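Visitor: Please pick out one part of this model and go through it closely, pairing by pairing. After that, set it against the rest of the model.

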Amino acid sequence: MTNKYKETLDKITVSENFEQSTLEYLKDKEKEDMRHIRKLVVAFAACLMVMIGVFAVNYNQTPSDVTFDLRDRIVIDPNGISACVAVNIEGTIVEVAEDGLSFKLDNGQWIMIDDETEYGTSLPTSAAIEDQFLEPTFRVGNSIAGFASEPEGKKIIAYAIYTNWNWDDPIR
Amino acid sequence: MIRTFASKNIDEIVHCYSNTLLKIAYQNTKCYAYSEDILQDVYLKLIKYKGSFESEEHLKAWLIRVTINRCKDHMKSAWFKRRGEMPEEIYLKSPEDQKVMEEIFELEPMDRNIIYLFYYEGYSILEISEILKKNSNTIGSRLRRARQKLKYILEERSLI
């Protein structure tokens, strides 16, 4: 069996020009690889040059050149809660009722004062009541800051008055 | 600089091993033209190979293994599957040789490789198990079965 098998397989041989064409093919592939490697080296060198350039530019800068002004990023919301008390009544008195217990602000709101309205603040960090900006009466021209639990409506009952002060001619 | 493999340069290797590797590739692919292409790929893989070879035997075993694996890849490739298996190519001129080759092609590809390495190249079962990365018992039983089958086929058709 093996003789016939071997005889048949002996006849399977490479074509005449196989060796030559294979060696040329391998050389071409090697050249192609070399070209590829050369391209990679050039690309790498270019990247290196750019990196060195960027590093050199940054290295020569003094710290003052690279400071940032962050003030532009500060956003102030005038309607937000400020300090440690909530204020939603703010303005200047333009009219005072005859009984002196309600007044009209320059924004058109009428503010009423009742027996429960707090006058001044009594927080641990607050100044003494006599040192706060509070006058004994409401006068036209006084600046008002306060808080109302229901700030909408024609007449608003003040829950607290924190400021009632005439900056030009105050009365203690 | 010319690189050498087990003290042989690539020209010598191509000259020395091409016929052996072609026989293996042809038995696996059943196509002469593909077999030569596969051989070129194997040599390309060799020149890119970073490892070293302890001896010429080691180099030959490596080439055989890579050729068989390359044939397997070829048979598994999407292109080959799409095209479908080609009818066996008539490469051998004598009708008697063609018949023998047809009988060989009736064996499974792995059995063809085992038969070839054992009877033609003279490798032992242990060496074949090393080359094909299979258990030696598996190789032994497959060789026995393939040999019986091939003998039966060849005797039955009065080719030997």
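**A sheet and its surroundings**

Guide: Phe103(A) has Ile111(A), in strand 3 of chain A, as its bridge partner. The model is a predicted one, and this bridge is a convenient way into the sheet of chain A. Strand 3 covers residues 110–112 and pairs with strand 2 of chain A in the antiparallel sense, over three bridges. Four residues separate the two strands in their hairpin, and there Gly108(A) takes a positive phi near 95 degrees.

Strand 2, residues 102–105, also pairs with strand 1, residues 89–96, of chain A. That pairing is antiparallel as well and again runs over three bridges. Here Glu95(A) has Lys104(A) of strand 2 as its bridge partner. The hairpin of strands 1 and 2 of chain A has five residues between the strands, with Gly100(A) at a positive phi near 75 degrees. As background, strands of a sheet pair through backbone hydrogen bonds, in either a parallel or an antiparallel sense.

These three strands belong to a wider arrangement. The sheet of chain A is open and is formed by seven strands in the order 4-7-5-1-2-3-6, with mixed pairing. At its edges stand strand 4 (118–119) and strand 6 (155–157) of chain A; each has a single partner strand, so one side of each is left without a neighbour in the sheet. In the strand order, strand 2 comes between strand 1 and strand 3.

Now the rest of chain A. The chain holds two helices and seven strands, and from the N terminus on the elements run α-α-β-β-β-β-β-β-β. The helices therefore precede the strands in sequence, given that order of elements and the numbering of runs from the N terminus. Of the 172 residues in chain A, 10% are buried. Where contacts in chain A join residues at least 6 apart in sequence, 60% of them join residues at least 24 apart.

Helix 2 of chain A has 42 residues and spans 60 Å from its first C-alpha to its last, close to the 62 Å expected at 1.5 Å a residue. One of those 42 residues is buried, so helix 2 of chain A lies largely in the open.

Helix 2 also takes part in the contact between the chains. The contact draws 20 residues from chain A and 25 residues from chain B. On the side of chain A that touches chain B, helix 1 (2–10) and helix 2 (18–59) of chain A each supply at least two residues. Helix 2 of chain A gives the largest share of that side, eight residues. By type, the residues on the side of chain A that touches chain B are nine nonpolar, five polar and six charged.

Chain B is built from eight helices and two strands, in the sequence pattern β-β-α-α-α-α-α-α-α-α. Its 160 residues include 30% that count as buried. Among contacts in chain B between residues at least 6 apart in sequence, those joining residues at least 24 apart make up 64%.

Leu117(B), in helix 6 (residues 109–120) of chain B, is an example of a buried residue. It has 23 other C-beta atoms within 10 Å, and the cut-off for buried is 20 or more. Leaving aside neighbours within four places in sequence, Leu117(B) is in contact with Tyr123(B), Ile128(B) and Ile131(B). Ile24(B) is 93 residues from Leu117(B) in sequence, yet the two C-alpha atoms are 8.9 Å apart in space.

Two of those contacts lead to helix 7 (residues 125–132) of chain B, where Ile128(B), Ile131(B) and Leu132(B) are buried. These three cover an arc of only 85 degrees around the axis, which puts them on the same side of helix 7 of chain B. In general, an α-helix has 3.6 residues a turn, so residues three or four places apart point the same way. After helix 7 of chain B comes Lys133(B), with a positive phi near 55 degrees.

Met75(B), in helix 3 (residues 56–76) of chain B, has 15 C-beta neighbours inside 10 Å and so counts as partly exposed. Met75(B) and Thr29(B) lie 46 residues apart in sequence, with 7.4 Å between their C-alpha atoms.

Conventions:
Residues numbered from 1 in each chain as written. Chains lettered and ligands numbered in written order. Predicted model: local features only at pLDDT ≥ 70, side-chain atom pairs only at ≥ 80, totals over all residues. Buried ≥ 20, exposed ≤ 12 C-beta atoms within 10 Å, placed from the backbone. Contact = placed C-beta atoms within 7 Å. Arc of directions from axis to C-beta. Nonpolar A, V, L, I, M, F, W, Y, C, P; charged D, E, K, R; others polar. Pairing = 2+ DSSP bridges. Expected span 1.5 Å × (residues − 1).
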